[in-house]
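Good morning, and thank you for joining this session. Please look at the sequence and the model on the screen before I begin.

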Amino acid sequence: MKYAGYVFGGLSGAAAGGYFVVYLYRWEWQRALISGVLLLAVEVLLVGIVLHARVSRLRREVAESRDRTEEILRGLERTRSEPPRFRWLEGRRPDGTHRTYVFVPVLMAAGAVMSAAAWAVQKVAAATGRPADRRTAARLAGLAAPPGGVGGAEPLEARPAVRRPPRIRTLVVAVLALAALVLGLVLLADATRTRPQQRPDAAATAVVFEVAVRGSADAAAGRMAARDLWESCRRATRVPARHAPLSRLEGDIWVGSVRPALGDHDRMRLRGCLDDATAERTTAKVLGDGQIGR
């Protein structure tokens, strides 16, 4: 289930990111915003799945450790017998007194005698003993490794605790990753850059689109919505559209013409603005566009 979530989230994030770039390229800002929000939601979903998996694993490990500790504790309690006790600590005499008045002085005297004996043994050993470091080293020389390590390898203590990755491989991977990132940014910037346009050999540009107003079937409301949408989108082009009349073909289908004619990039801007339909309760669908000859 976890891997299915990873696959679903990865595919959804890739689709949302791709559409985000496509809508930005088409100048469809509202759809680009929606795709960006979806991309953020998918990223949060993936982070939540990863955190949930980590927390679940930690909880499972803690529960297993607690159960194991309780099992060991129960085993120790089953095998533990009654601790031995000194007979002089068991019960009281008929007069209600313990026998500690005899044991404690004896214990203190025995401790003093043993401490004195240990001190004497230590002094005698220090006075009569000879250093055996040289003799021990000579006897252990046959077990020592040859100088320079086995097979000419470096000594064990000179080796790192964890083997480090080769520096050349790390450098190559870093350079390739950086080159891929730079190439992706360059290609994206080149695809979305606004280039100087050649003036098309045409008198005007015409766009045919259909307008629908939600919650209203009045023809006057459709006409006002179409004109508002056209007036707001005609200013989205880089080249000013000085002459841009709007005419009704039939029903909710309208045609707008722009003079002078627009280039390919400005036509894409105009189509994107109309498809985005930012007017209140108004949706538009571009049915086609083209250049009108002289």
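**A positive patch, a buried aspartate and the overall fold**

Let me begin with a single residue: Lys2 has a relative accessibility of 38%, so it counts as partly exposed, since that class runs between 20% and 50%. I should say at once that this is a predicted model.

Lys2 belongs to helix 1, which covers residues 2–25. On the surface, Lys2 joins Arg54, Arg57 and Arg60 in a positive patch. Which helix gives the most to this patch? Helix 2, residues 29–79, does so, with three residues.

Let us stay with helix 1 and turn to another of its residues, Leu24. Is Leu24 buried or partly exposed? Its relative accessible area is 33%, and therefore Leu24 is partly exposed. Leaving aside residues up to four places away in sequence, Leu24 is in contact with Trp29 and Ala32. There is also a relation across the chain to point out. Leu24 and Gly272 are 248 residues apart along the chain, yet their C-alpha atoms are separated by 9.4 Å.

I now come to Asp275, which is found in helix 7, residues 264–276. Asp275 is buried and has no salt bridge. Which side chain of opposite charge is nearest to Asp275? That side chain is Arg271, at 4.9 Å, whereas a salt bridge requires a side-chain nitrogen and a carboxyl oxygen within 4 Å. Once residues up to four places away in sequence are set aside, Asp275 touches Glu28, Arg31, Ala284, Lys285 and Val286.

With these residues in mind, I turn to the chain as a whole. How many helices and strands does the protein chain have? The chain has seven helices and four strands. Their order along the sequence is α-α-α-α-α-β-α-β-β-α-β.

The protein chain has 294 residues, and buried residues account for 19% of them. Its accessible surface is about 22700 Å², with 62% of that area belonging to carbon and sulfur atoms.

Finally, consider the contacts between residues at least 6 apart in sequence: in this chain, 70% of them join residues at least 24 apart.

To close, I would leave you with two places to find on the screen. One is the positive patch of Lys2, Arg54, Arg57 and Arg60. The other is Asp275, buried and without a salt bridge. Thank you for your attention.

How values were computed:
Residues are numbered from 1 along each chain as its sequence is written. This is a predicted model: local features need pLDDT of at least 70, side-chain atom pairs count only at pLDDT 80 or more; totals for chains, interfaces and linings use all residues. Side-chain values use heavy atoms; hydrogens and water are left out. Helices (H or I, at least four residues) and strands (E, at least two) are DSSP runs, numbered from the N terminus. Buried means under 20% relative accessible area, exposed over 50%, partly exposed in between (1.4 Å probe, protein chains only). Contact means heavy atoms within 4.5 Å. Accessible areas come from the Shrake-Rupley method with a 1.4 Å probe; for residues, only the protein chains shown count as cover. Lys and Arg count as positive and Asp and Glu as negative; His and the chain ends are not counted. Patches are made of residues with over 30% relative accessible area and no salt bridge: like charges are joined within 9 Å, nonpolar side chains (Val, Leu, Ile, Met, Phe, Trp, Tyr) within 5 Å. The place of a charge is taken as NZ of Lys, CZ of Arg, CG of Asp or CD of Glu.
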